[in-house]
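Colleague: I would like to learn how to read the open and enclosed spaces of a model, and then its helix packing and backbone. Could we go through them in turn?

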Amino acid sequence: MSVKIRLQRHGKKQKPFYWVVAADARSKRDGKYLEKIGTYNPNTNPATIELNLDSAVKWLHNGAQPTDTAKAILSYKGALLKHHLDGGIRKGALTQEQADAKLAAWLEAKAGKVDAKKDGLSKAQADVKAKALKAEQAVNAKRLADAAKAEADAIAAAAPAVEEEVVAEAEEAPAAEENNETTEA
């Protein structure tokens, strides 16, 4: 029986969620598996990967062959490095302490890279949000200025009409007085 470390799809349409499993190569993609090793969620940025490192290395020692995507995930989380270092320990090239120190240093560096990416993404998202807010404030200020100008224009347009009416009434009043004087005489 050949064993594969592969992904088993879960989740709904357009929202995949995967289990990383050790399964018989002859079983169906989403069928029977020997052991669940971890999970992989590609919907987040960066992708969320949870992996039982010791279990994955155990299956690699027993001869399980990872698929291409599973191999990338195992490499990303350090399982392949640990498997490689364990081979060096078996051959006598390294001691267990040296291998553990190398793995810990690599995992720390990897965590730093992931944190830097998360910080960069959150900073970029904050920059986009700030830029959108600034643009919205500019649009609102322009809209308020246009509304104030339109209101001032409306008042200015109404003011001459009122003045014309007042002037017209003033002209009518003396004419009416002249008419009254002429009728009295």
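**Pockets, packing and backbone**

Modeller: The second largest pocket holds about 150 Å³ of space, and please keep in mind throughout that this is a predicted model.

Colleague: How does one look for such spaces, and which residues line the second largest pocket?

Modeller: The general idea is that rolling a probe the size of a water molecule over the atoms shows where empty space is left. In this case the lining of the second largest pocket consists of Tyr40, Pro46, Ala47, Ile49, Thr69, Ala72, Ile73, Tyr76, Lys110, Lys113, Val114 and Lys117. H2 and H4 are the elements that give two or more residues to this lining, and by class it divides into 8 nonpolar, 1 polar and 3 charged residues.

Colleague: What volume does the largest pocket have, and which element gives the most to its lining?

Modeller: The volume of the largest pocket is about 220 Å³. Two or more lining residues come from each of strand E4 (48-51), helix H2 (68-77) and H4, and H4 gives the most, with 5 residues. Among the lining residues of the largest pocket are Pro46, Ala47, Ile49, Tyr76, Lys110 and Val114, which also appear in the lining of the second largest pocket. The class division for the largest pocket is 7 nonpolar, 1 polar and 3 charged.

Colleague: Turning to enclosed space, how many cavities of 30 Å³ or more does the structure hold, and which residues line the largest cavity?

Modeller: There is 1 cavity of 30 Å³ or more, and the largest cavity contains about 40 Å³ of space. Its lining is made up of Lys82, Leu85, Asp86, Gln96, Ala99, Asp100 and Leu103. At least two of the lining residues come from H3 and at least two from helix H4 (96-184), with H4 giving the most, namely 4 residues. Classed by side chain, the lining of this cavity has 3 nonpolar, 1 polar and 3 charged residues.

Colleague: H3 also packs against H1, so to speak of packing, at what angle do H1 and H3 meet?

Modeller: Helix H1 (residues 53-61) and helix H3 (residues 79-91) pack at about 55°, and their axes lie 9 Å apart. Because of that angle, H1 is oblique to H3, and the crossing of the two helices is right-handed.

Colleague: Which residues of H1 and H3 meet?

Modeller: From H1 the contact draws on Leu53, Asp54, Ala56, Val57, Leu60 and His61, which meet Ala79, Leu80, Lys82, His83, Asp86 and Arg90 of H3. The residues of this contact divide into 6 nonpolar, 2 polar and 4 charged. Lys82 and Asp86, which take part in this contact, are also found in the lining of the largest cavity.

Colleague: For the backbone, what should one expect of phi and of peptide bonds, and is the bond from Asn45 to Pro46 cis or trans?

Modeller: Most residues other than glycine have a negative phi, and most peptide bonds are trans. Here the peptide bond from Asn45 to Pro46 is cis, with omega near -5°. Pro46 belongs to the loop between strand E3 (35-41) and E4, and Pro46 is among the residues that line the largest pocket.

Colleague: What is the phi of Gln14, and where does Gln14 lie?

Modeller: Although Gln14 is not a glycine, its phi is positive, at about 65°. Gln14 is located in the loop between strand E1 (3-12) and strand E2 (15-24).

Definitions and conventions: Residues numbered from 1 in each chain as written. Predicted model: local features only at pLDDT ≥ 70, side-chain atom pairs only at ≥ 80, totals over all residues. Heavy atoms only, no water. Axes fitted to C-alpha atoms, helices over the stretch in contact; angles between N-to-C directions. Parallel < 35°, antiparallel > 145°, perpendicular 65-115°, else oblique. Left-handed = near helix turned anticlockwise from the far one by under 90°. Contact = heavy atoms within 4.5 Å. Nonpolar A, V, L, I, M, F, W, Y, C, P; charged D, E, K, R; others polar. 1 Å grid on protein atoms, 1.4 Å probe; cavity = no way out; pocket = protein on both sides within 12 Å on 5 of 7 lines; lining within 4 Å. Points joined across faces, edges and corners; volume = space filled by probe spheres on them.
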